[in-house]
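Please open the model in a viewer and keep the sequence at hand. The tour below proceeds stop by stop, saying what to select and what is found there.

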Amino acid sequence: MKRILITDTTLSTQSTAAMSFREKLEIAKLLDGMKVDCIDFGAIKNSKTDPLLISTIAPLLSHSTLCISVGLNAEEVTLAASALGSVKGGRIAVCAPVSTVGMEYTCHKKPAAMLEAIESQIRLCRDCVETVEFCAMDATRSEPEFLTSAFAAAVNAGATHITLCDHAGRMLPDEAADFVTKVLSQLPAREKLTVSVSFPNTIDLSVACAVASLRAGADGVKTAVGSSDCSNVYPLSEILRERGEACGLCCALNTTELRRSIRKIETIASPTVVAAGAATTGVSIESEAISLDKNDDCVSVARAVRKLGYDLNPEDEAHVYEAFVRVASKKTVNARELEAIIASTALQVPPTYQLVNYLTNSGNVISSSAHITLKKNGQMLEGITIGDGPIDAAFMAIEQIVGHHYDLDDFQIQSVTQGHEAMGNALVRLRNGGKIYSGNGISTDIIGASIRAYLNALNKIVYEEATE
């Protein structure tokens with residue numbers, strides 16, 4: 001059977017933009033544990049923090065290759081090569097549009113100039129790393145003659161990998177197979193190249209198109225966990241597991257680790273935690289399987305955490321237990337609630353601001369007010385404000401303490417469980433410097449959950465500013 005290559009793009013998707021250093025590191029470790037062949041980090045956006053993250057991730061990978069994307073700017077290649085340093089097997093992917101519209105309106109280049117730029121950039125990359133990928137953006141809408149010329153230029157410059165990217169996402173599986181067949185028949189030095197495909201899930205056919213392309217001769221596919229930008233890795237793995245032999249296809253994915261790892265990645269990446277995980281992967285959590293109360297100690301809670309598939313360090317276990325004690329003092333905690341606690345307390349940045357206590361007052365005859373006490377570097381800080389409702393007042397009190405106003409991009413309240421003692425999950429998204437920072441918090445008290453969510457997002461902003 002033909003072994004196909006799986007490139008995961010989860011770390012390069014927009015959903016990870018507001019994640020902390022530690023969250024991205026954890027996702028990379030999980031993807032490597034799943035045995036994806038290549039982890040696509042995407043383009044370097046922060047010249048200070050991203051290279052540090054890349055140099056931290058690379059030594060931890062035992063199976064996956066790390067890939068950094070660049071455009072047609074030579075400075076991007078220099079930065080990518082510097083970030084990869086002496087990483088063994090590191091890859092640089094040159095991404096360039098090959099459709100007429102993409103070339104003229106995105107890069108402002110005519111076909112001849114684009115061919116020169118592609119060849120020059122790939123040569124520059126090849127001087128830095130052994131494996132260079134050429135991502136033909138919007139390849140399915142390119143002129144066939146130009147696409148052939150672009151691949152010839154890439155191969156001539158030393159490209160070892162080719163990726164055919166479909167940006168429109170409206171192909172049917174048989175159309176995708178025909179497209180791949182035609183490209184492969186005209187591809188120079190085909191026997192020396194690894195050819196992958198990438199389909200967005202615009203009309204829910206990305207996985208079907210990927211499988212059809214692989215059967216037509218493609219060597220690999222770009223995937224992601226819970227993203228519409230690429231084929232979803234879980235259903236693809238299920239197809240290969242159930243029908244791979246009939247198709248003559250197999251992959252290196254560790255199916256034993258796959259479900260657990262995907263669920264953990266979705267928990268890190270998605271503020272809706274369990275709902276997103278269940279909907280995307282079909283993995284359900286049996287709430288009855290775990291039942292903890294205020295009499296359970298830290299050892300019992302840690303055991304339950306491991307039962308859910310999480311491998312936390314001692315510091316995160318302590319944070320989880322601290323949050324568990326707060327919730328368990330009021331009710332029994334099941335698996336779904338424990339997962340929500342893990343999502344809101346583990347895999348977070350160091351808390352610059354910690355909640356000590358809060359007091360809110362509201363009613364139909366008085367203005368809502370909030371009195372918040374936070375701790376920073378051992379110092380107690382207090383804020384007292386009046387607002388439009390207790391949550392608004394609480395947020396304003398926090399802003400008073402930190403001395404800065406942040407735009408509230410989104411605020412959501414969701415119920416994690418049912419009943420009069422239901423746990424609430426609050427999502428807060430703060431905008432700072434053009435970036436979105438998300439935070440979530442859980443509590444049986446929705447005001448408390450909202451305050452913790454705000455602080456969670458705030459601490460990410462403070463942490464990133466301190467590392468820049």
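Select Glu 399 first: apart from neighbours within four places in sequence, Glu 399 is in contact (heavy atoms within 4.5 Å) with His 404, His 405, Tyr 406 and Tyr 454. The structure is a predicted model, in which local features need pLDDT of at least 70 and side-chain atom pairs count only at pLDDT 80 or more, while totals for chains, interfaces and linings use all residues. Residues are numbered from 1 along each chain as its sequence is written, and side-chain values use heavy atoms, with hydrogens and water left out.

Glu 399 belongs to helix 15 (residues 390–402). Helices (H or I, at least four residues) and strands (E, at least two) are DSSP runs, numbered from the N terminus. Show the side chain of His 405 as well: a polar contact of 3.1 Å joins it to the side chain of Glu 399. A polar contact is a pair of N or O atoms within 3.5 Å; within protein, one must be able to donate a hydrogen and the other to accept it, and residues adjacent in sequence count only if both atoms are side-chain atoms.

Which side chain of opposite charge is nearest to Glu 399? It is that of Arg 431, 13 Å away; Glu 399 is buried yet has no salt bridge. Here Lys and Arg count as positive and Asp and Glu as negative, whereas His and the chain ends are not counted. Buried means under 20% relative accessible area, exposed over 50%, and partly exposed in between (1.4 Å probe, protein chains only). A salt bridge is a side-chain nitrogen of Lys or Arg within 4 Å of a carboxyl oxygen of Asp or Glu.

Next, select strand 5 (residues 91–97). Six of its seven residues are buried, so strand 5 is largely enclosed by the rest of the structure. Strand 5 pairs in the parallel sense with strand 4 (residues 65–70) over four bridges, and also in the parallel sense with strand 6 (residues 131–137) over seven bridges. Two strands pair if DSSP finds at least two bridges between them. To follow the pairing by residue, select Cys 67, whose bridge partner in strand 5 is Arg 91, and then Ala 93, which stands opposite Glu 133 in strand 6.

Keep Glu 133 and Arg 91 selected. The two form a salt bridge, their closest N and O atoms being 3.3 Å apart. This pair links distant parts of the chain, with Glu 133 in strand 6 and Arg 91 in strand 5, 42 residues apart. Now add Lys 222, whose side chain meets that of Glu 133 in a salt bridge (3.2 Å, N to O). Since Glu 133 lies in strand 6 and Lys 222 in strand 9 (residues 220–224), this pair ties together parts that are 89 residues apart in sequence. Are these residues buried or exposed? Glu 133 counts as buried at 2% relative accessibility, as do Arg 91 at 9% and Lys 222 at 6%. With Asp 40 added to the selection, Asp 40, Arg 91, Glu 133 and Lys 222 are linked in a network of salt bridges.

For another salt bridge, select Asp 37 and Arg 3, whose side chains meet at 3.1 Å, N to O. Asp 37 lies in the loop between helix 1 (21–34) and strand 3 (38–43) and Arg 3 in strand 1 (residues 2–3), so the pair ties together parts that are 34 residues apart in sequence. Asp 37 counts as buried at 11% relative accessibility, whereas Arg 3, at 40%, counts as partly exposed.

Move on to helix 2 (residues 49–57), where Thr 49, Asp 50, Pro 51, Leu 53, Ile 54 and Ile 57 are buried. The buried residues of helix 2 pack against helix 1, strand 3, strand 4, helix 3 (74–84) and helix 16 (446–467).

Ile 57 leads to the largest nonpolar core, which has 78 residues; Ile 57, Ile 122, Phe 134, Phe 151 and Leu 164 touch the most other members. A nonpolar core is a set of buried Ala, Val, Leu, Ile, Met, Phe, Trp, Tyr and Cys residues joined through side-chain atoms within 4.5 Å. Apart from this core lies another, of 27 residues, among them Tyr 353, Ala 453, Tyr 454 and Leu 455.

Finally, select Asp 138, in the loop between strand 6 and helix 6 (144–157). Its phi is near 60°, a positive value in a residue other than glycine.
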